[in-house]
Amino acid sequence: LGFYDENGLAAILDLITDYPDAGSAFIGWFMVDAQLQGQGIGSQIFADLRAAMKAQGYDYLSLAVLPENTEAISFWQKQGFRFSGEDKPWNGRTVSVMERDI
């Protein structure tokens, strides 16, 4: 998904619905333009996404994050995500799964 403001593309989101199970979704990538970060845009997009998903009957979100990506971890924790305790291999590295109810 692409999110635009008056200047063009502001953020992108890779969302896989009904994965890993029906009624849940997995966030692959979420990137906000570097010049727009820290202004609450990512949090607002995510709040709108949650509302839209809830309205469509989804109830669970998960994602995977590199443990050393502390900036992403902080953002996702502020959005209500918690670590599931599950780690998975990814491209020769290990990622940690985070999750939350919608």
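Is Asn 91 buried or exposed? In this predicted model, Asn 91 is exposed, with a relative accessible area of 64%. The residue lies in the loop between E5 and E6, and its phi is near 50°, a positive value in a residue other than glycine. Most residues other than glycine have a negative phi, and most peptide bonds are trans.

The strands on either side of this loop, E5 (82-90) and E6 (93-101), form a hairpin with two residues between the strands. E5 and E6 run antiparallel and are joined by six bridges. Within this pairing, Arg 82 is placed opposite Glu 99 of E6. E6 also pairs with E4 (60-65), again in the antiparallel sense and over six bridges. Here the bridge partner of Tyr 60 is Asp 101 in E6.

A second loop with notable backbone geometry connects E2 and E3. Asp 18 is located in this loop and has a phi near 55°, which is likewise a positive value in a residue other than glycine. Asp 18 is partly exposed, its relative accessible area being 42%. Pro 20 also has its place in the loop between E2 and E3. The peptide bond that joins Tyr 19 and Pro 20 is cis, with an omega of about 5°.

Attention now turns to the interior. In soluble globular proteins, nonpolar side chains tend to be buried together. The largest nonpolar core of the model contains 22 residues, and those with the most contacts inside it are Ile 27, Phe 30, Leu 61, Trp 76 and Phe 81. Strand E2 (8-17), E3, H1, E4 and H2 each contribute at least two residues to this core. For Trp 76, when residues up to four places away in sequence are not counted, the residues touched are Ile 27, Phe 30, Phe 46, Leu 63, Phe 81 and Met 98. Among these, Ile 27, Phe 30 and Phe 81 are themselves listed with the most contacts inside the core.

The model also contains pockets, of which the largest has a volume of about 1,100 Å³. This pocket is lined by 39 residues, and those closest to its centre are Phe 30, Val 65, Asn 69, Ala 72 and Trp 76. Phe 30 and Trp 76 thus appear both in this central group and among the core residues with the most contacts.

The lining of the largest pocket draws on several elements of secondary structure. Strand E3 (24-32), helix H1 (41-55), strand E4 (60-65), helix H2 (70-78), strand E5 (82-90) and strand E6 (93-101) each supply at least two of its residues. E3 gives the most, with seven residues. By residue class, the lining comprises 22 nonpolar, 12 polar and five charged residues. E3, H1, E4 and H2, which supply at least two residues each to the core, are also among the elements that supply at least two residues each to the pocket lining.

Definitions and conventions:
Residues are numbered from 1 along each chain as its sequence is written. This is a predicted model: local features need pLDDT of at least 70, side-chain atom pairs count only at pLDDT 80 or more; totals for chains, interfaces and linings use all residues. Side-chain values use heavy atoms; hydrogens and water are left out. On a 1 Å grid over the protein atoms alone, a cavity is a set of points where a 1.4 Å probe fits but cannot get out, and a pocket is an open set with protein on both sides within 12 Å along at least five of seven lines; lining residues have an atom within 4 Å of a point. Grid points are joined across faces, edges and corners, and a volume is the space filled by probe spheres set on the points. Helices (H or I, at least four residues) and strands (E, at least two) are DSSP runs, numbered from the N terminus. Ala, Val, Leu, Ile, Met, Phe, Trp, Tyr, Cys and Pro count as nonpolar, Asp, Glu, Lys and Arg as charged, and the others, Gly among them, as polar. Two strands pair if DSSP finds at least two bridges between them. A nonpolar core is a set of buried Ala, Val, Leu, Ile, Met, Phe, Trp, Tyr and Cys residues joined through side-chain atoms within 4.5 Å. Buried means under 20% relative accessible area, exposed over 50%, partly exposed in between (1.4 Å probe, protein chains only). Contact means heavy atoms within 4.5 Å.
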